[in-house]
Amino acid sequence: MSLLKNVGTIGGLTMVSRVAGLAREMIFSRVLGANAVTDAWFQAFIIPNVFRRLFAEGAFSAAFVPMFSKRLHGDGGIEEARSFSDDVLSVFLPVLIAVCAIMMLAMPLVIMALGDGDSPPADFAMEVDFARIMFPYILLVSLVTLFTGMLNSVSRFAPGASFPILLNLTLIAALLFGDYAMAEWGWTTRQVGYSQAWAVTIGGVIQLAWLYYWTRVEGFRPKLLWPRITPEVKRLSIIALPAAIGGGAYQINTLVQLYFLNRLDDGSISYMNYADRLNQLPLGIIGIALSTAILPTLSKFVGTKNREGTDRVQSDAIEVAMLLTIPAAVALAICAVPFVTMIFQGGRFSLEQADLTGRVVAALVLGLPAYVLVKVLVPNFYARSDTRTPVYAAFISLAVFIAMNFVLLEDFGVVGVAFASVIGAWINVFYLYVVLVKRDYYTIPLKLVARIGRQLVAAAAMGGALWFARDLLAGWYDAGLFARAGALIALVACSAVVYFGIAFAIGAIDRQRIRTLTSKKEP
């Protein structure tokens, strides 16, 4: 299967998930707005959601897939692969249950550690309740990740890429029910918040059932055995933990963000969440899809010492990533306030709140190419069973992020927190690339550098066109549904036509490589 075919499958389904998530946030903002209740819910939801992104979007698979694939495609075949996966399941399930129990008991301390111990008692109790209700989702999504890794090993990417859609649909259904209950039965925003918390865990059960079904379709029969810490399970544990930390610098920053956001006014966590939803749309579609798709191929080329193939896959991933990410970042930065107003403003979410959220978006997306490049560069280390280097990069990035927050928080508030994330992300990319070059793992070709330069020229031209178009449509952003939709379509169409037209004309797109990548032959 070609790189673009795999990326298309994963990215297409991830796009559906991100759009569903965007729809969920649109409804959430209108039903609940931005206040102490939404801050409490988002803070509680971030904890299991960070684990979901760490595991479901590459880290656990980075450790599990190569080990599982080796057994599946080796002399032992499917029986040896089944035995390995059953051992992993039987050891990790009791561990996950114990972790969930301990964390739920210690949840008040966890919330205080995230910097929110000074909230009014009622708000603090609500945050603890929300987090305790949602925390079992970590157990459920970890099992989902195990099944996803098994399916990815046989190039069945669709079920694993589609399961987040189920959670979004569950949360949307709970929101619509909550909105009805507020109108008809006098429910408060707190009661709707509790219903949303329960919907997270229910959604996790649905996701687990979905992935279990597809593992059985592929001929696997996951079953629980008496736990045995075999050498293979021990090796998986040693690899998976640093892989999760190294590949999840962005997610670790998200947790640390809470500490600083809790130092600000009510609504700050909500503003960052709404802004991050727009940021996550291209990040999920491009970065995560590429990261998941290139790891098996990189592992194969590294294992066979095929340097040419390894370099080609890495360069292709960088080229595709930048071709799509650079214009997304420029468009979101220039049209941040209009996009936020069109998508989120309404109901309990005011124009003033939309303006502040838009400024957070404009700062956050300056790091979008960096977030994607981290996802694209880290698999080069995982393919060599090197999980330590991404960990070092993650901690360096985290240290910079924390330091910049102390510098920017007082003067710039929530926008300063977003910009601190951007600086940390670019430091992460710089460190990873320097190590790749130093160890002679990969050096970016000059032709690719020139092509990325042309992409920047095309993006600059697109930015100028958007600046003009944005002001022309100023009265449409907070108008009716059809006016908003028309303005959104017009801005997106303007971006696509100008960027890709100029990119094609000036050679920012390698036509020959696109034909090669879309061919049916192995790249």
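Me: Where along the chain is Asp440 placed?

Reply: Asp440 sits in the loop that joins α17 (388-438) to α18 (446-472). This model is predicted, and every remark below refers to that prediction.

Me: What is the phi of Asp440?

Reply: As a general idea, most residues other than glycine have a negative phi. Asp440 has a phi near 60°, a positive value in a residue that is not glycine.

Me: Is Asp440 buried, partly exposed or exposed?

Reply: The reading rests on relative accessible area, with under 20% taken as buried and over 50% as exposed. Asp440 has a value of 48%, so the residue is partly exposed.

Me: Which residues with a positive phi follow helices?

Reply: Two cases can be cited here. Ser155 follows α7, and its phi is positive, near 60°. Gly186 follows α8, with a positive phi near 75°.

Me: How should I read the length of a helix, and what does α7 reach from its first C-alpha to its last?

Reply: The general idea is to set the span between the end C-alpha atoms against the expected rise per residue. Helix α7 (residues 136-153) has 18 residues and reaches 27 Å, close to the 26 Å expected at 1.5 Å a residue. Helix α8 (residues 158-184) has 27 residues and reaches 40 Å, close to an expected 39 Å.

Me: How many residues of α7 are buried?

Reply: In α7, 17 of the 18 residues are buried, and this helix is mostly covered. For the protein chain, 58% of its 523 residues count as buried.

Me: How many helices and strands does the protein chain have?

Reply: The protein chain has 20 helices and zero strands. Sequence separation adds another view of the fold: among contacts with a separation of 6 or more, 83% come from residues 24 or more positions apart.

Me: How do I read the packing of two helices, and at what angle do α6 and α9 cross?

Reply: One takes the distance between axes, the angle and the handedness in turn. Helix α6 (residues 121-134) and helix α9 (residues 189-217) have axes that come within 8 Å and cross at roughly 20°. That angle makes α6 roughly parallel to α9. Their crossing is right-handed. On the α6 side, the contact includes Met126, Phe130 and Ile133; on the α9 side, Tyr194, Ala197 and Trp198 are among the residues involved. By class, the contact has nine nonpolar, two polar and three charged residues.

Me: Why do residues three or four places apart matter in such a reading?

Reply: An α-helix has 3.6 residues a turn, so residues three or four places apart point the same way.

Me: Is α8 roughly parallel or roughly antiparallel to α9?

Reply: The axes of α8 and α9 are 8 Å apart, and the two helices pack at an angle of about 150°. That makes α8 roughly antiparallel to α9. The crossing of α8 and α9 is right-handed. The contact divides into 17 nonpolar residues, nine polar and no charged.

Me: Is the crossing of α14 and α19 left-handed or right-handed?

Reply: Helix α14 (residues 336-344) packs against α19 at an angle of about 145°, with the axes 10 Å apart. The crossing of α14 past α19 is left-handed. Phe339, Thr341 and Met342 of α14 meet Arg484, Ala487, Leu488 and Leu491 of α19. Five of these contact residues are nonpolar, one is polar and one is charged.

Me: How do I place a single residue in its surroundings, and which residues does Gln196 touch?

Reply: One asks for its element, its burial and its partners. Gln196 is found in helix α9 and is buried, with a relative accessible area of 0%. Apart from residues up to four places away in sequence, Gln196 touches Phe28, Trp41, Leu171, Ala174 and Leu175. The C-alpha of Gln196 is 9.1 Å from that of Thr170, a residue 26 places away along the chain.

Me: Is Arg24 buried or exposed?

Reply: Arg24, in helix α1 (residues 3-32), is buried, with a relative accessible area of 4%. Beyond neighbours within four places in sequence, the contacts of Arg24 are Phe45, Asn168, Leu171, Ile172, Leu175 and Arg277.

Me: Is Ala505 buried or exposed?

Reply: Ala505 belongs to helix α19 (residues 481-506). With a relative accessible area of 64%, Ala505 is exposed. The C-alpha atoms of Ala505 and Arg454 are separated by 10.0 Å, although these residues lie 51 residues apart along the chain.

Definitions and conventions:
Residues numbered from 1 in each chain as written. Predicted model: local features only at pLDDT ≥ 70, side-chain atom pairs only at ≥ 80, totals over all residues. Heavy atoms only, no water. Helix = DSSP H or I, 4+ residues; strand = E, 2+ residues; numbered from the N terminus. Expected span 1.5 Å × (residues − 1). Buried < 20%, exposed > 50% of the residue type's maximum accessible area, 1.4 Å probe, protein only. Axes fitted to C-alpha atoms, helices over the stretch in contact; angles between N-to-C directions. Parallel < 35°, antiparallel > 145°, perpendicular 65-115°, else oblique. Left-handed = near helix turned anticlockwise from the far one by under 90°. Contact = heavy atoms within 4.5 Å. Nonpolar A, V, L, I, M, F, W, Y, C, P; charged D, E, K, R; others polar.
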